[in-house]
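Got the viewer open? Load the model, switch to cartoon, and keep the selection box handy for the stops below.

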Amino acid sequence: MYSQKQKSSALEVFHQTNSVSETIRILGYPTRRQLYTWIAAENMVKRERKPLPRFANPPDHPRNPPLDVKLDAIRRCFEHGENIKYVSEDIGYSRASIYQWRKRYLKEGTLGLMNNKNISSGELKEGTTPVESSDSSSHDMAELMNQMLEMQMEIDILKETINVLKKDPGIDQTALSNREKAVIIDALKTKYSLPRLLEKLDLSKSSYYYQEKVMSQPDKYFSLRIRIRELFTENKNRYGYRRIHALLKREDTIVSEKIVRRIMNEENLVVKAKRTAKYNSYAGEVTPSVPNEIKRDFCAEKPNSKWLTDITEFAIPAGKVYLSLIVECFDGLLVSWRIGTSPDSTLVNTMLDDAISQLSPEEKPIIHSDRGIHYRWTGWIERMEEAGLTRSMSKKGCSPDNSACEGVFGRLKNEMFYNTDWTGVNLSDFMDILNNYLVWYNETRIKKSLGYMSPMEYRRSLGLVA
């Protein structure tokens, strides 16, 4: 059916691709059986011998062949797709032997193909040295090598647990999910046999192939995953899964919080936090203190009845910036704020003047602060008395007495300040960035306690502002 030229072309392509299937795909001929026949005939010509009868071992073929012969046969039959019958005839060992070699290789790796002669002649797995000893010593050496391979496999599994799954080095591997175990096996199955990996990770073969099937299917949350990343980025990496879920709900995307949380974990969308020592404005009892009128009751039934105030510091390479603000207990609105480079009386007094200017004549809120020196200066006290406002102070060194205001500073720094490199940013630019965040906090940042609305959205919903 085929000319000598076609036969030569087929053999040439086969030697280039080293694959029977690829050769037939490229040329469109011959049949697999025909190509195997040509390959076997070519091998016989090269070796100048006749086909061996089934199960025969010629004089130059030892009963236990070298390790490279076994590996080459396994590779040709189960990787390159050559017919086992023709490979058997080519190498002079039975098909049953080839199947047995493959079974041992899958179970024990290269070590399973080795016999005492292989070990004593130095044909050990990669990285080992030749050993010449008696049968007993060879057996001991094989056991030692097996233990070393087991230890190496455990180390490799631990590395993949850390690198691929991003788990803590002290993670209990028995606590890994089947999906995570399957990912580790996929990363290591080219180095170790599948049965050994399944045994080491305590995973059944059926569970492994089920996870492989699931992971190979298209991601049904693909578009949702993209939208979650977009929302997280649009909000400057400041929102956790609850707020992201609320934003998706606004867009009529119906999905559970657990799904959002899982996707954010898989995408490593985490709001990072960093804690540093806070600014302390306490300078001693310079004027008489006043009682704690708030008494940690930070709830208010109407606006402009309870206000909280404090001052905090931002240290960047260009210098230090200070923020003084007033927080509304009714809905968490930032009533007024001032930003400056010095924590002086001007900073807090002008902030208070701005807040008082927003009050109607009948509104007289309580203003609660810590015992910082800013709230004990004459200018502050005079402004409070003139406007008819009530002073309230925390106990000395008791931050929980003003925890609602401290919480605002904590969220502000987690979302806007920490985990950002401020190198090269001057003080003026930083103050603009901080001011823009505070405007965003009032106008856009959603709060769970307000039904996932921002303070200004909440007030508009109540008709308090236009």
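Start by selecting Gly-388: this glycine follows α16 and has a positive phi, near 75°. Helices here are DSSP runs of H or I with at least four residues, strands are runs of E with at least two, and both are numbered from the N terminus.

A word on the ground rules. Residues are numbered from 1 along each chain as its sequence is written, and this is a predicted model, where local features need pLDDT of at least 70, side-chain atom pairs count only at pLDDT 80 or more, and totals for chains, interfaces and linings use all residues. Side-chain values use heavy atoms, with hydrogens and water left out.

**Stop 1: around α16**

Now colour α16 (378-387). Which of its residues are buried? Pick out Gly-379, Trp-380, Ile-381, Met-384 and Ala-387. "Buried" means under 20% relative accessible area, "exposed" over 50%, and "partly exposed" in between, using a 1.4 Å probe and protein chains only. The cover over those buried residues includes β1, α15, β4 and β5.

Next, click Leu-389, in the loop between α16 and β5. Is Leu-389 buried or exposed? With a relative accessible area of 9%, Leu-389 is buried. Show its surroundings: setting aside neighbours within four places in sequence, Leu-389 is in contact with Ile-356, Leu-359, Lys-364, Pro-365, Ile-367 and Met-384. Contact here means heavy atoms within 4.5 Å. Then draw a distance line from the C-alpha of Leu-389 to that of Ser-305: they are 84 residues apart along the chain, and the line should read 9.9 Å.

**Stop 2: the sheet**

Select the strands. Five of them make an open sheet with mixed pairing, in the order β3-β2-β1-β4-β5. Two strands count as paired if DSSP finds at least two bridges between them. At the edges are β3 (334-340) and β5 (390-393), each pairing on one side only. On average, neighbouring strands of this sheet are turned by 20° against each other, direction ignored. For angles, axes are lines fitted to C-alpha atoms (for helices, over the stretch in contact), and values run from 0 to 180 degrees between N-to-C directions.

Zoom in on β1 (residues 306-316) and β2 (residues 319-328), which run antiparallel and are joined by 10 bridges. The pair forms a hairpin with two residues between the strands. To check the register, label Trp-307, whose bridge partner in β2 is Glu-328, and Thr-309, which stands opposite Ile-326 in β2.

Now turn to β4 (366-369). Its pairing with β1 is parallel, over three bridges, and Leu-308 stands opposite His-368 in β4. Why call β1 largely enclosed by the rest of the structure? Because 10 of its 11 residues are buried.

Add α15 (residues 345-356) to the view: this helix lies across β1, β2, β3 and β4, and runs at about 155° to β3.

**Stop 3: backbone oddities**

Go to the loop between α2 (20-27) and α3 (32-47), where you'll find Pro-30. The peptide bond from Tyr-29 to Pro-30 is cis, with omega near -15°.

Then hop to the loop between α14 (257-266) and β1, the place of Asn-268. Asn-268 has a positive phi, near 55°, in a residue other than glycine. With 59% relative accessibility, Asn-268 counts as exposed. Lys-295 lies in the loop between α14 and β1; its phi is also positive, about 55°, although Lys-295 is not a glycine. Lys-295 counts as exposed at 65% relative accessibility.

**Stop 4: a pocket**

Select Tyr-105, Leu-106, Lys-189, Tyr-192 and Ser-193: of the 20 residues lining the second largest pocket, these lie nearest its centre. On a 1 Å grid over the protein atoms alone, a pocket is an open set of points where a 1.4 Å probe fits, with protein on both sides within 12 Å along at least five of seven lines; lining residues have an atom within 4 Å of a point. How much space lies in the second largest pocket? About 490 Å³, where grid points are joined across faces, edges and corners and the volume is the space filled by probe spheres set on the points.

Colour α4 (67-78), α6 (95-108), α10 (194-200) and α11 (205-216), since each supplies at least two lining residues. By class, the lining has eight nonpolar, four polar and eight charged residues. Nonpolar covers Ala, Val, Leu, Ile, Met, Phe, Trp, Tyr, Cys and Pro; charged covers Asp, Glu, Lys and Arg; the others, Gly among them, are polar.

**Last stop: zoom out**

Show the whole chain, with its 19 helices and five strands. Buried residues make up 42% of the 466 residues.
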